[in-house]
Amino acid sequence: METNHSAAESDNRAAVEVTKDRNGIEQVILRNLRGASATVSLHGGQVLSWKTERGEELLFCSNKAIFNPPKPVRGGIPICFPQFGNRGSLEQHGFARNKRWIIEKNPPPLPNDSNGKAYVDLLLKPSEDDMKIWPHSFEFRLRISLAADGHLIMISRIRNVNSKPFSFSFAYHTYFSISDISEVRVEGLETLDYLDNLFQKERFTEQGDALTFESEVDRVYLDSNSAVAVLDHERKRTFVIQKEGLPDIGDEEYKQMLCVGGAAIEKPITLKPGEEWTGRLDLSVVPST
């Protein structure tokens, strides 16, 4: 079944396919002309896979990842909303990643965003149970696009449909697949302040030109304006992370996984009634030495 006729009609071969996983949960598979693909689960609105045209998987998904709702999947790109980590009274990383999202057929338009892309628009609204633990009415629209050049683009629009203001924190918690953490360095964080989660969120300033990993790292880098690059020397590829509306960068690592994602954590976003916030993440991969 093909949905999203605007994308399909503008380009007959940039395809959007809706299938089901083994738990019967709908998944959307996006494919571009060159054969790159992305898989999105409606459980959590979570990207589970992003592959190059050669079929190389770019995202990490834990071998222990349990595709068993309501547990969130460890890997891919979970959406952290309305809370990041344990910085609040809600469950770890908030509830959006544990909810069933729906495909929205006619969302409010996003200017200049559909050209030649395979994309899907998802929508999350709070349930009665959500309102008991976080009593704020919102509409969370998420467009996930796979561009002709293989870029994976995520645009979140969160609107306050409440009669009073609310505040939230947010992150695209992107798990990149890497060869080995000892082979990786991250550039674009130099001179930034960061909160170190391994030291009670104490604030430090990044001294090095590039971040390398000899021991565990779990940090939130603050007020990052520029692109961030993750260089994997063994696989000879570099991930480039660009973002808008997301001042912070979360960074944590394990052996074959590096989690680097755009976020708004230190200063929560406040929306007045009727206001909308937009946060955009653009991921790409390029060959490197």
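**Entry 1: strand β20**

I started at β19 (residues 248–254), which runs antiparallel to β20 and is joined to β20 by 7 bridges. The model I am reading is predicted. I then looked for the link between these two strands. β19 and β20 form a hairpin, with 2 residues between them. I picked one bridge pair to check: Asp248 has Ala263 in β20 as its bridge partner.

Next I asked what else pairs with β20. Strand β10 (residues 166–172) runs antiparallel to β20, with 5 bridges between them. In that pairing I found Ala171 bridged to Ala263 of β20. So much for Ala263; I noted Asp248 and Ala171 as its partners. Strand β11 (residues 175–177) is also antiparallel to β20, through 3 bridges. There, Tyr175 has Cys259 of β20 as its bridge partner.

Is β20 mostly covered or mostly open? I have it as mostly covered: of the 15 residues in β20 (257–271), 11 are buried.

**Entry 2: Gln256**

I went back to the hairpin and picked out Gln256. This residue lies in the loop between β19 and β20. Is Gln256 buried, exposed or partly exposed? Its relative accessible area is 36%, so I logged Gln256 as partly exposed, since that class lies between the 20% limit for buried and the 50% limit for exposed.

Which residues does Gln256 touch? Leaving out residues up to four places away in sequence, I listed Phe60, Phe176, Ser177, Ile178, Ser179 and Asp180. I also took one distance. Gln256 and Leu271 are 15 residues apart in sequence, and their C-alpha atoms are 38 Å apart in space.

**Entry 3: the sheet of 4 strands**

I turned to the N-terminal numbering of strands. β1, β2, β3 and β4 make an open sheet in the order β1-β2-β3-β4, with antiparallel pairing. Why do β1 and β4 each have one side without a neighbour in the sheet? β1 (15–20) and β4 stand at the edges and each has a single partner strand, so one side is left free of a neighbour in the sheet. On average, neighbouring strands here are turned by 20° against each other, with direction ignored.

I then checked the pairs. Strand β2 (residues 26–31) and β3 run antiparallel and share 5 bridges. Leu30 has Ala38 in β3 as its bridge partner. Strand β3 (residues 37–41) also pairs with β4 in the antiparallel sense, over 5 bridges. In this pairing, Thr39 stands opposite Ser49 of β4.

The turn got its own note. β3 and β4 form a hairpin with 4 residues between them, and Gly44 in that turn has a positive phi of about 85°. I also checked cover on β4 (residues 46–51). Of its 6 residues, 5 are buried, so I wrote "mostly covered".

**Entry 4: the sheet of 9 strands**

How are the strands of the other open sheet ordered? I read 9 strands as β6-β7-β8-β9-β21-β18-β17-β12-β15, with antiparallel pairing. Here β6 (102–103) and β15 (210–212) stand at the edges, each with a single partner strand, so each has one side without a neighbour in the sheet.

I followed one pair inside this sheet. Strand β8 (residues 138–146) and strand β9 (residues 152–160) run antiparallel, joined by 9 bridges. Leu146 has Leu152 in β9 as its bridge partner.

**Entry 5: nonpolar cores**

I kept a general rule in mind: nonpolar side chains tend to be buried together in soluble globular proteins.

Which residues have the most contacts inside the largest nonpolar core? That core has 64 residues, and I noted Phe81, Phe140, Ile144, Phe168 and Phe170. I followed Ile144 outward. Residues up to four places away in sequence aside, Ile144 touches Leu30, Val40, Gly45, Val47, Ala118, Tyr119, Val120, Leu122, Leu152, Ile153 and Met154. Another core, of 8 residues, lies apart from the largest one and includes Cys80, Leu195, Leu222 and Ala263. Ala263 was already in my notes, as the bridge partner of Asp248.

**Entry 6: the largest pocket**

I closed with open space. The largest pocket has a volume of about 350 Å³. Its lining has 20 residues, and the closest to the pocket centre are Thr52, Glu53, Arg54, Val285 and Val286. Which elements give two or more residues to the lining? I found β4 and β21 (276–287). β21 gives the most, with 5 residues.

How values were computed
Residues numbered from 1 in each chain as written. Predicted model: local features only at pLDDT ≥ 70, side-chain atom pairs only at ≥ 80, totals over all residues. Heavy atoms only, no water. Buried < 20%, exposed > 50% of the residue type's maximum accessible area, 1.4 Å probe, protein only. Pairing = 2+ DSSP bridges. Axes fitted to C-alpha atoms, helices over the stretch in contact; angles between N-to-C directions. Core = buried A, V, L, I, M, F, W, Y, C linked by side-chain atoms within 4.5 Å. Contact = heavy atoms within 4.5 Å. 1 Å grid on protein atoms, 1.4 Å probe; cavity = no way out; pocket = protein on both sides within 12 Å on 5 of 7 lines; lining within 4 Å. Points joined across faces, edges and corners; volume = space filled by probe spheres on them.
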